[in-house]
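Trainee: Could you take a close look at one part of this structure with me? I'd like to go slowly through the charged side chains.

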Amino acid sequence: MPQIAQLAETFSSQIFWLLVFFGITFFVVGRGMVPCVMDTMDRRSKQIADDISAAQAARDQADKEEEAWRTRENENRARAQALISEAKAEAAAKSEKKIAAAQKRLDKKLDEADQELAAARDAAMGEIEAVATDAAQDIVAQLAG
């Protein structure tokens, strides 16, 4: 077979060119491209780590501000409740005073009405006595003839 006979002659040339292309590939890729890619990956990893730490710091700051806000809101709510309670108490006191004054006026009117009723009763009783006296005299006059 002639192909096998040529193998020994072309083998050394193929190995030479194989080594040349692997050498060129090693220096171009291994020495030129790989360090650039690794540097880019390192910068990206560092940027991601920085972004994560900045996000965590922002989150911690937001938590602190939220806690401060909640504290202020609770204090404001307590103050508002105190003002509402104070206003309710003041309104109740004013209402009590108005009710007491109205009750006094009503009691005074009731006393006046009782006095007027008693006077009217006394007047009616006097009139009844007068009418009864007149009626009794008329009855006696008719009976006595």
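Is Lys46 buried, partly exposed or exposed, and what is the relative accessibility behind that label?

Mentor: Happy to, and keep in mind that we're looking at a predicted model. Lys46 counts as exposed, because its relative accessibility is 53% and the label "exposed" starts over 50%. Now look at who Lys46 pairs up with: Asp50 forms a salt bridge with Lys46, and their closest N and O atoms are 3.1 Å apart. Asp50 has a relative accessibility of 35%, so this residue is called partly exposed. As for how the two sit along the chain, Asp50 and Lys46 are four residues apart in helix H1, so about one helical turn separates them.

Next, go to Arg43. This residue makes a salt bridge with Asp39, with 3.2 Å between the closest N and O atoms. The spacing should ring a bell: Arg43 and Asp39 lie four residues apart in helix H1, which means about one helical turn between them. On the surface side of things, Arg43 has 52% relative accessibility and therefore counts as exposed. Asp39 has a relative accessible area of 39%, so Asp39 goes down as partly exposed.

Here's another pair for you, further along the helix. The side chains of Glu90 and Lys94 meet in a salt bridge, at 3.6 Å from N to O. Once again, about one helical turn lies between the partners, because Glu90 and Lys94 are four residues apart in helix H1. Check the labels too: Glu90 is partly exposed, at a relative accessible area of 43%. Lys94 comes out at 49%, so Lys94 also counts as partly exposed, since a residue has to be over 50% to be called exposed. If you're keeping a tally, the count for this model is four salt bridges, and the ones we've walked through include Asp50 with Lys46, Arg43 with Asp39 and Glu90 with Lys94.

Finally, let's look at some charges that gather in another way. Asp107, Asp111, Glu112, Asp114 and Glu116 form a patch of negative charge on the surface. Residues in a patch like this have no salt bridge, so don't go hunting for a partner there. Take Glu112 as your example: this residue sits in helix H1, which covers residues 2-144. Glu112 is partly exposed, because its relative accessibility is 37%.

Key:
Residues are numbered from 1 along each chain as its sequence is written. This is a predicted model: local features need pLDDT of at least 70, side-chain atom pairs count only at pLDDT 80 or more; totals for chains, interfaces and linings use all residues. Side-chain values use heavy atoms; hydrogens and water are left out. Patches are made of residues with over 30% relative accessible area and no salt bridge: like charges are joined within 9 Å, nonpolar side chains (Val, Leu, Ile, Met, Phe, Trp, Tyr) within 5 Å. Accessible areas come from the Shrake-Rupley method with a 1.4 Å probe; for residues, only the protein chains shown count as cover. Lys and Arg count as positive and Asp and Glu as negative; His and the chain ends are not counted. The place of a charge is taken as NZ of Lys, CZ of Arg, CG of Asp or CD of Glu. Buried means under 20% relative accessible area, exposed over 50%, partly exposed in between (1.4 Å probe, protein chains only).
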